[in-house]
Amino acid sequence: MDLGGFQPINKWLDEETFVELYGEAALGWCAIDGEIYGTPQDSGAMAMFYRKDLFDQYGLTVPETREEFIEQAKKFKKADPDLKFYAAPIGYSIWWLGQIWQAGGKVFDYYDGNWYVDFTNPVAEKVFATWGEWFDEGLIDLEMWWNADWYNSLNQGTTAVVELGCWFSEWLRYNAPDSEGKWRLAIPPQWDPAQPHNGIIGGSGFYVTTHSKNPEATAIFVNWLNSHPDSLKCLHNYSNLPIMVSTRYKEVIDEVAGPDAFFGGQRIADVLWEAHQLVNTTFVALPIMSNVDQSLSLLLQDYADGKIKRFADILSMWEKEVINTMKEFGYSNLITGELP
Amino acid sequence: MKSEMTMGRMRNKKKMGKKMIASIKAYLFLAPFLLFFSAMVIYPISLGVKLSLYGQRGARMWYIGFQNFVTIFQDAKFWESFRIPLFLLTIQVPLLLFCALLVAFLYERMQKHRGAFYRFIYYLPNTIPGIVTGLIWSYIFSDSMSPFRSVIDSLGFSGIKILTRQHLPLILLVIILWAFTGYTAFVIYSSLISIPKEFSEQAQLDGATFWQIAFKVKIPLLKGVIITLFIFNAIGAIQVFNEPWMLGALVVLPSNYTPAMYIYRSAFSEGRFTYAAAMGLILAFITFLFSLYILRRAAKQMLTGESR
């Protein structure tokens, strides 16, 4: 949005209607400084994918808080140290950002003409410090995702839990066919059950570019595409994306979502819709996300190789590189150390 | 006298006419190649040159002259990325040439059909596209699926990971040697068999062994081929991309692992197309300078060596 590739469509989709159709959180993904540039399509709301067969085999219960989560991890490790209870990705920064989001926090944002960067805020520090403890105790593994090794472990059942966006239900279906019927979905375990949050990993949006020769038609189309029940039904059926952001998706959810055989008959749409509703905070992503990702990937690899001792130290190193890159790319409207 | 001069002029005109027809014919034959060459090589390069003179942010571009090049000269990341090409240049290329030479000499010693069979199967790796090669090798070296994992574990090395960033240069070495030794050996072999037999027969009569003949007699005569192959491999080393890129899916690599990877990332991950275009030109220029240097040195050596 910041790079001048999109044009504002407030004329045809004002903020009030936008919030009514997509929820207030979506403004963080489709608007800057009050200018709306597009509409969100599918939701990347986080869900916990777990192997029911492994849970049953080792007598684990589905955790609802992070404390219960780590108790189950300990139980699992004791029962079978060769299997992985959970693996966090080396890299894939939007997952880590999603973890912080799910704890109700953020590390950067945009407000009123300025970019804000603050990685060492209390929520982020808490998340990273806790994960660091789990890594140090050997309860959770770190590995690279999105490669044949990783899919292999999901397919063969050497990993018990994965937290990812709801769209992952499709990825799992295609890449781990041998594990059909063994996975289930749940809301990610909460850091504070009194204040539930959820984060988003991925998802998609449709925007109107500056090259558009007929912005009015494009804007109307983009709005219809992502909010009209007929369109939402098609989107779900043809793209197999389980959950759309639009609030009007609930009008068709009963029609399109039934028991899912891959997930052992569970009505995943219900769980995922609930997961999406829990996304009650938002922020705007920086314009240098691929660099943000690169910086984190290298730091995580260094940590996995033993070059960084404390996991939480990664946050400040990451922040330094992000700030440097923002400056290198010419962003002088940068405020560090605080968040709006 | 006048008639002589006009006769002379007419003869010259005829010569020129013949020359013109000859060159027109030549260009007609070259036309298909020239067409594709200008469309696929000259046009993109000139576009790249134009792009490199612009600054860019997202969808906006503005003319900044040579500013990109100034920035690149100060970009530590770009220059650090030459470490891997340097490693390949100093270790992999000589090693490849040495192995290929040995293999070529072996080809010469083999009987016709056996030799042809080995030449064929050793050439096969070169026919597989680089990306596919990198992909399959990444499976072979991956820690969860490698067929060698069980062998390595049983030898007592079960704790050691095969695919790590420290091991990567060695892994690249293995992959590139596997892919190109056959082809290089084949090229050397073709030159080898064109060396007149009298040289080796003479040396044999003087009492030299096969390997002595190989190194003292034949290799000096192969200098031209070896230099050419060295340049080809050096260009490949400086611009290496396929193999490290595919392996980068299994182990995190910095964006500037090789110059080509840095250029690719700058363009397609970071969207800095003009910056990447400028870097690409500089890389091409460095490659050109290097080839020129090697050729000059080789030419000098050949001239001074020709002092029989």
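Of the 308 residues in chain B of this predicted model, 24% come out as buried. The overall dimensions of chain B tell a related story. Its radius of gyration is 26 Å, whereas a compact globule of 308 residues would sit near 19 Å. Laid along its principal axes, the C-alpha trace of chain B covers about 100 × 75 × 35 Å. As for secondary structure, chain B holds 14 helices and 2 strands. Contacts in chain B reach a fair way along the sequence: taking those between residues at least 6 apart, 72% link residues at least 24 apart.

Turning to the interface, 19 residues of chain A touch 16 residues of chain B. On the chain A side, α7 (148-156) and α13 (289-304) each bring at least two residues, and α13(A) chips in the most, with 6. Polar residues dominate the chain A side by count, at 13, next to 5 nonpolar and 1 charged.

Within chain A, α13(A) also packs against helix α14 (residues 313-328), with the axes 9 Å apart and an angle of about 150° between them. Angles over 145 degrees count as roughly antiparallel, so that is how α13(A) runs relative to α14(A). The crossing of the two helices is right-handed. From α13(A), the contact takes in A:Asn291, A:Val292, A:Ser295, A:Leu296, A:Leu299 and A:Tyr303, and these meet A:Ile314, A:Met317, A:Trp318, A:Glu321, A:Val322 and A:Thr325 of α14(A). Sorted by class, this helix-helix contact has 8 nonpolar residues, with 3 polar and 1 charged making up the rest.

Definitions and conventions
Residues numbered from 1 in each chain as written. Chains lettered and ligands numbered in written order. Predicted model: local features only at pLDDT ≥ 70, side-chain atom pairs only at ≥ 80, totals over all residues. Contact = placed C-beta atoms within 7 Å. Helix = DSSP H or I, 4+ residues; strand = E, 2+ residues; numbered from the N terminus. Nonpolar A, V, L, I, M, F, W, Y, C, P; charged D, E, K, R; others polar. Rg over C-alpha atoms; globule rule 2.2 N^0.38 Å. Buried ≥ 20, exposed ≤ 12 C-beta atoms within 10 Å, placed from the backbone. Axes fitted to C-alpha atoms, helices over the stretch in contact; angles between N-to-C directions. Parallel < 35°, antiparallel > 145°, perpendicular 65-115°, else oblique. Left-handed = near helix turned anticlockwise from the far one by under 90°.
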